[in-house]
Amino acid sequence: MNLWWLMLVCGVITFGIRYSFIAAEGHYQPPTWFRRLLPFVPIAALTAIAAPELVLVQGEIMLGSGNPRLWAGLVAIIVAALWRNTLLTIACGFLALFLLQRS
Amino acid sequence: MNPAQAFSLGLRSVMPMLLGVAPFGVIYGVVALQSGIPPLAAMAMSSIVFAGSAQFLLAQLVGAGAPLLLTAGAVGLVNLRHALYSASVAPVLAHLPRRWKILLAYLLTDEAYAAAIPHLMAVNENSPHAAQAHWILFGSGFGLWAGWQLATLAGVLLGAQLPSNLGLEFALPLTFIAIVVPMIDSRARLMAALVAAAAAVVLAAMPYKLGLFIAVMAGLVAGVAMPRRVN
């Protein structure tokens with residue numbers, strides 16, 4: 001089978017998904033319940049992507065002291081809540097991870 | 001804000017994420033070659049498909065000789081959450097000509113969306129900048145695109161010679177934390193985050209990132225279902 005055709009099909013599918021609602025905007029009337037969901041998309045999506053990175057170690061839930069990424073993540077959450085500064089949050093998260101991994 | 005400033009804002013916002021994305025791009029390049037994909041095709045996939053986890057899956061399925069329909073279906077499932085990003089940014093882009101919509105849809109990755117959305121949400125409320133909002137998304141989208149191409153190229157050319165265990169991937173969840181935490185200003189938003197996080201962890205083992213998509217949907221429903229505080 002031709003690899004290039006497969007890539008093209010997958011590229012078209014990926015683009016189609018990303019273009020779907022952007023293209024449809026103005027051509028349809030979204031139901032009210034759907035519009036009420038949208039303000040939560042950034043929070044729900046980014047949290048759902050990040051949470052497993054903190055909690056899971058090789059696919060297993062790990063909440064104890066043996067999971068430095070979890071504690072470094074919590075440090076980052078606190079720093080982000082207090083100072084709302086992206087670079088500071090990232091720096092403190094990495095610093096916490098570094099210190100925890102050494103101890 | 002003029003277009004150059006908006007573009008630069010988007011570009012700067014996506015920069016920290018490149019730190020986390022670069023190792024993935026390098027590993028993708030290595031995995032693609034190991035799956036028997038020629039270097040040129042492995043590079044081309046990064047611009048034709050341009051979707052990190054889908055490219056990993058595609059490389060693996062090609063290596064395993066999976067049939068076209070299954071592979072295409074799997075790639076579609078893995079990218080399903082991008083439809084929500086599309087719906088989320090659609091109102092801001094509604095006034096643009098079609099060529100802009102096509103360009104920004106092509107660039108609409110997790111990272112580009114994450115970097116631009118706080119600015120786009122702010123734009124909605126005070127309209128003076130609204131006319132340039134698409135430049136912010138273009139800046140973050142272009143920044144991620146360029147970084148992804150370079151990382152893939154490095155993976156294809158240098159491959160296993162590059163260190164991939166530096167822990168730089170952690171920059172991604174950290175940046176997402178930095179973006180999401182300041183957005184949580186109500187009980188409904190807190191509930192959306194908590195439900196999405198819990199569901200994503202519990203469902204993480206589901207194939208084709210279906211658990212991630214279900215977790216996002218659960219978070220959306222939880223946010224809407226939360227009764228508004230009556231003062």
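Accessible areas here come from the Shrake-Rupley method with a 1.4 Å probe, and for residues only the protein chains shown count as cover. This is a predicted model, where local features need pLDDT of at least 70, side-chain atom pairs count only at pLDDT 80 or more, and totals for chains, interfaces and linings use all residues. Residues are numbered from 1 along each chain as its sequence is written.

**Exercise 1.** Work out how much surface chain A exposes and which atoms supply 68% of it.

*Solution.* Start with the area: chain A exposes about 5,800 Å². Then look at the atoms: carbon and sulfur supply that 68%.

**Exercise 2.** Find the order of the elements in chain A, and decide whether the chain is spread out or a compact globule.

*Solution.* First, count helices (H or I, at least four residues) and strands (E, at least two), both DSSP runs numbered from the N terminus. Chain A has five helices and two strands. Next, read them off from the N terminus: α-α-α-β-β-α-α. Chain A has a radius of gyration of 20 Å, well over the 13 Å that the globule rule gives for 103 residues, so it is more spread out than a compact globule. That radius is taken over C-alpha atoms, and the rule is 2.2 Å times the number of residues to the power 0.38.

**Exercise 3.** Now try chain B: how many helices and strands does it have, and what does its radius of gyration agree with?

*Solution.* Step one: chain B has 11 helices and zero strands. Step two: its radius of gyration is 19 Å, which agrees with the value near 17 Å for a compact globule of 231 residues.

Key:
Chains are lettered from A and ligands numbered from 1 in the order in which they are written. Side-chain values use heavy atoms; hydrogens and water are left out.
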